[in-house]
Amino acid sequence: MSAKLGEILVRENLISPQHLREALDYQREHGGRLGFNLVKLGLVSDEMITAVLSRQYGIPSVNLDLFHIDQSVLRLIPQEVAQKYSVLPLSRVGATLTLAMVDPTNVFAMDDIKFMTGLNVEPVVVAEASIQQAISKYYGTSREIELAMSPDEVAREAAQASANGGITHADLVSLDSIDFDSGPSEDVELLDDNEEIDLSTLSKMSEDAPVVRLTNVLLVDALRRGASDIHIEPYEKELRIRLRIDGVLYDVMHPPLKLRDALISRVKIMSRLDISEKRLPQDGRIKIRVKIDSRSRELDFRVSTLPTLFGEKVVLRMLDKQNLMLDMTKLGFEPDSLVKFQRNIAKPYGMVLVTGPTGSGKTNTLYSALQSLNTVDTNIMTAEDPVEFNLQGINQVQMKEQIGLNFAAALRSFLRQDPNIILVGEIRDFETAEIAIKAALTGHLVLSTLHTNDAPSTISRLMNMGIEPFLVATSVNLIQAQRLIRRVCKDCVQEHPNPPEALIEVGFSAEEAKTLKTYKGKGCATCNNTGYKGRIGLYEVMEVTDEIRELILIGASALELRKKAIDDGMITLRNSGLQKIRNGVTTIEEVVRETVA
């Protein structure tokens, strides 16, 4: 980029060739970007370089002084990544992240951030000096405040948050009711990485009554709250516990830091993991029976540990059979979409693909499909990583990569097991895709998942993996993209008018926007004052018709496939969301958060 920028500046008579040579010599001696060095030497201004880059690449330039960036957007990109690439997240609309960049040609930065956030990246150009100031301002300040807060200030903040209707750790469980027998967190000493681990002490700590009680209260209260995940996160000066409720993370508890090792060891012992191994990630499972409101419940947690800078982060995914919705009519399908989906899973052979990001309900949809197909005269085989729920009458196989049992190996074995229906947890590579397609072409119904943004782009994804167009065209029957959005709480729902302009912007017609009634939750005890309770799916179902097969064979783009599918009656994710707004099920904010127009 350096030489190119220099050439542009010389060509536009903004600097002389002599000045460019001076700047390049200075750069060789002191390092840094050419643009930064030109500004440092006083040869050009930051604004001049930003304007040149903006014109050259057709990317808008922005003034960061005019922006106020929301904390939820900043959390998408860690400070280290922002500093490494000289970037700053500005705003998020649906699945698109607007990213301020000093160098808009840095495709490595954009690819990394796309992978990290799961969002599409839209770059804008900013001056290098201003982005460095902004990184210090936004990341530095929030960190300093966080570390400077005293326990009294934390308590006051929690009380204030509770008064304002937010969820705090006091809402989840009163820490005062548990005797942690702990001193101030400042007395805790961080262990050296090389210090020897005393297993007997660690085991004894994990069996202490306060730790056992805290763990039990945490698991049971997560169930009461309807949480899907529990995050136990150790930091330098605090231990944070967060719950994911209806797809959104809430900060609920900050136990004393001295309980860190004991709490994490307790969870690892319950999930039969090696408590002495703190350097490698581990996966396990907890099965417990609890008595809640005089009823006995079996709980199943999938446990994942990950070594971080200040200890192991633990995530527990709750697998609650009672929350598994196997009735497809209640998942949120529009009637036409449901008819298409049921018609294609009833076919004797071919492939049905469900796509979407992690946590979008793909497993639930596939299990619902299997449940409707599960009869005595059908042999159903599944390859999963991990097996989330045990389904009666279905042969489920857990993948074990360490011994060579991956999706491709399992699929080869399945074909020798006389199956009627095969479920592949995820198509990750060419080998798995190739075997799955061959199975679909040889008289088997194959159900699987992929990670793509929408239904039409799945075709391009399969071809990028190396599958021939004619194989894709002949094997795939249907592709379904889905997302999960929060429902408005039924106990506190009330009419909430939105301006017609806002409704038109999200996709409603001008006529409909004038008369449409929209609703929102006021906030109550049922929904923890969030206004939302439970989730519902958005579905984009693309049936592969003969016309779409012909387009695939001639190498049509995802855009052309999308246009043809919409002409054939496909309801897009955004339109599925608009229908939920019409029905008073959700809000504009939820639909915009998960879909693009």
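Start by selecting Q480: at 0% relative accessibility, this residue counts as buried, where buried means under 20% relative accessible area, exposed over 50% and partly exposed in between, with a 1.4 Å probe and protein chains only. Before you go on, note that this is a predicted model, where local features need pLDDT of at least 70, side-chain atom pairs count only at pLDDT 80 or more, and totals for chains, interfaces and linings use all residues. Residues are numbered from 1 along each chain as its sequence is written, and side-chain values use heavy atoms, with hydrogens and water left out.

**Stop one: around Q480**

Keep Q480 selected and turn on the cartoon: you're in strand β15. Helices (H or I, at least four residues) and strands (E, at least two) are DSSP runs, numbered from the N terminus. Now add Q482, whose side chain joins that of Q480 through a polar contact of 2.9 Å. A polar contact is a pair of N or O atoms within 3.5 Å; within protein, one must be able to donate a hydrogen and the other to accept it, and residues adjacent in sequence count only if both atoms are side-chain atoms.

What else is in contact with Q480, leaving aside its neighbours within four places in sequence? Show F333, F341, L353, V354, T355, T365, Y539, E540 and V541. Contact here means heavy atoms within 4.5 Å.

**Stop two: the partner strand**

Select residues 476–488 for β15, then bring in β18: the two run antiparallel, joined by 10 bridges. Two strands pair if DSSP finds at least two bridges between them. To see them face each other, pick R483 and look opposite, to L538 in β18. Strand β18 covers residues 532–543, and 9 of its 12 residues are buried.

While you're here, show R486 and Y532. The charged end of R486 sits over the ring of Y532, 4.0 Å from its centre; the rule asks for NZ of Lys or CZ of Arg within 6 Å of the ring centre and within 35 degrees of the ring normal.

**Stop three: the rings**

Colour the aromatics next. The whole structure has 3 aromatic pairs. Rings of Phe, Tyr and Trp (its six-membered ring) pair if their centres lie within 6.5 Å; planes under 30 degrees apart count as stacked, over 60 as edge-to-face and the rest as tilted. Zoom in on F333 and F341: their ring centres are 5.5 Å apart and their planes at 25 degrees, so they count as stacked. F333 also stacks with Y539, at 3.9 Å centre to centre and 15 degrees between the planes. That pair links distant parts of the chain, 206 residues apart: F333 is in the loop between β9 (311–319) and α14 (335–345), and Y539 is in strand β18. Both F333 and Y539 are buried, and with F341 they form one aromatic cluster.

**Stop four: the cores**

Which residues touch the most other members of the largest nonpolar core? Select M351, L353, I427, V476, M542 and I552, out of 52 residues in that core. Helix α17 (residues 430–441) gives the most to this core, with 6 residues. A second, separate core of 34 residues includes V220, L259, M270 and I286. A nonpolar core is a set of buried Ala, Val, Leu, Ile, Met, Phe, Trp, Tyr and Cys residues joined through side-chain atoms within 4.5 Å.

**Last stop: out to the surface**

Finish with K40 in helix α3 (residues 34–40), which counts as exposed at 54% relative accessibility. N464, in helix α18 (residues 457–464), is exposed too, with a relative accessible area of 66%.
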